[in-house]
Amino acid sequence: MQPGEIESLHYLLSSAPSLHSSQFNMSQDRTNRVHLNQFSNPYTKFQYPYQVQDMNPPPLSSNSTSDEAEDQQLSLINERKQRRMISNRESARRSRMRKQKHLDELCSQVLWLRNENHQLIDKLNQVSECHDRALQENAQLKEEASELRQMLRDFQLHNPYLP
């Protein structure tokens, strides 16, 4: 090989075919990599005007595709994390709303039960007062009945005309 000649180059192909592919001796493999074995012109041999030392670029095809695949995979994972985070936030918001609604219902129930309790206590106090009055009246009536019986006995003992 002469100085200034390029033995082979590795390039990634785009999906569109090159306009100059007929001028170069190219072969293509499964990874859409093109090997330019020689720059050949049917009439003259291609020469670079300056000397090329080592023109073997780093193998971009395998590293770049794996890097791109890793980037896509990381992007997909990050997107899933983001969606899950948003979903979790929304779920937590709904949970807080349910909790607040339940708390409001419990507070409402507490107020209703307190009111009901006060009404029942008032009713109990009224019934208790009524019961106390009935007991006092009953005791008073018993005493009157006892006095009246005593008076009747006394009257029967002291009256000679009664059989």
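# Charges, bridges and exposure in a predicted model

In this predicted model, Asp67, Glu68, Glu70 and Asp71 form a negative surface patch.

Q: Why is the patch of Asp67, Glu68, Glu70 and Asp71 called negative?
A: Asp and Glu count as negative, and the patch is formed by Asp67, Glu68, Glu70 and Asp71. The patch is therefore a negative one.

Q: Where is Asp71 found?
A: Asp71 belongs to helix α1, which covers residues 60-158.

Q: What pattern does the protein follow along the sequence?
A: The order is β-β-β-α, with one helix and three strands in the protein.

Q: What makes the contact of Arg83 with Glu79 a salt bridge?
A: A salt bridge needs a side-chain nitrogen of Lys or Arg within 4 Å of a carboxyl oxygen of Asp or Glu. The closest N and O atoms of Arg83 and Glu79 are 3.1 Å apart, so the pair meets the cut-off. Both residues lie in helix α1, four residues apart, about one turn of the helix.

Q: Why are Arg83 and Glu79 called neither buried nor exposed?
A: Buried means under 20% relative accessible area and exposed means over 50%. Arg83 has 47% and Glu79 has 40%, so each counts as partly exposed.

Q: How do you know that Arg93 and Glu90 form a salt bridge?
A: The N to O distance between their side chains is 2.3 Å, and the rule asks for within 4 Å. The pair therefore counts as a salt bridge. Arg93 and Glu90 are both in helix α1, three residues apart, about one turn of the helix.

Q: Why can such side chains pair?
A: Side chains of opposite charge can do so when their charged atoms come close.

Q: What is the exposure class of Arg93 and of Glu90?
A: Arg93, at 35% relative accessible area, is partly exposed. Glu90, at 32%, is partly exposed as well.

Q: How many salt bridges does the protein have by this rule?
A: The count is two.

Q: How many disulfides are there?
A: The count is zero; a disulfide would need a pair of cysteine sulfur atoms within 2.5 Å.

Q: Why are Cys107 and Cys130 called partly exposed?
A: The class lies between 20% and 50% relative accessible area. Cys107 is at 44% and Cys130 at 43%, so both fall in it.

Q: What share of the protein is buried?
A: Buried residues are 7% of the 163 residues.

Note on methods:
Residues are numbered from 1 along each chain as its sequence is written. This is a predicted model: local features need pLDDT of at least 70, side-chain atom pairs count only at pLDDT 80 or more; totals for chains, interfaces and linings use all residues. Side-chain values use heavy atoms; hydrogens and water are left out. Patches are made of residues with over 30% relative accessible area and no salt bridge: like charges are joined within 9 Å, nonpolar side chains (Val, Leu, Ile, Met, Phe, Trp, Tyr) within 5 Å. Accessible areas come from the Shrake-Rupley method with a 1.4 Å probe; for residues, only the protein chains shown count as cover. The place of a charge is taken as NZ of Lys, CZ of Arg, CG of Asp or CD of Glu. Helices (H or I, at least four residues) and strands (E, at least two) are DSSP runs, numbered from the N terminus. Buried means under 20% relative accessible area, exposed over 50%, partly exposed in between (1.4 Å probe, protein chains only).
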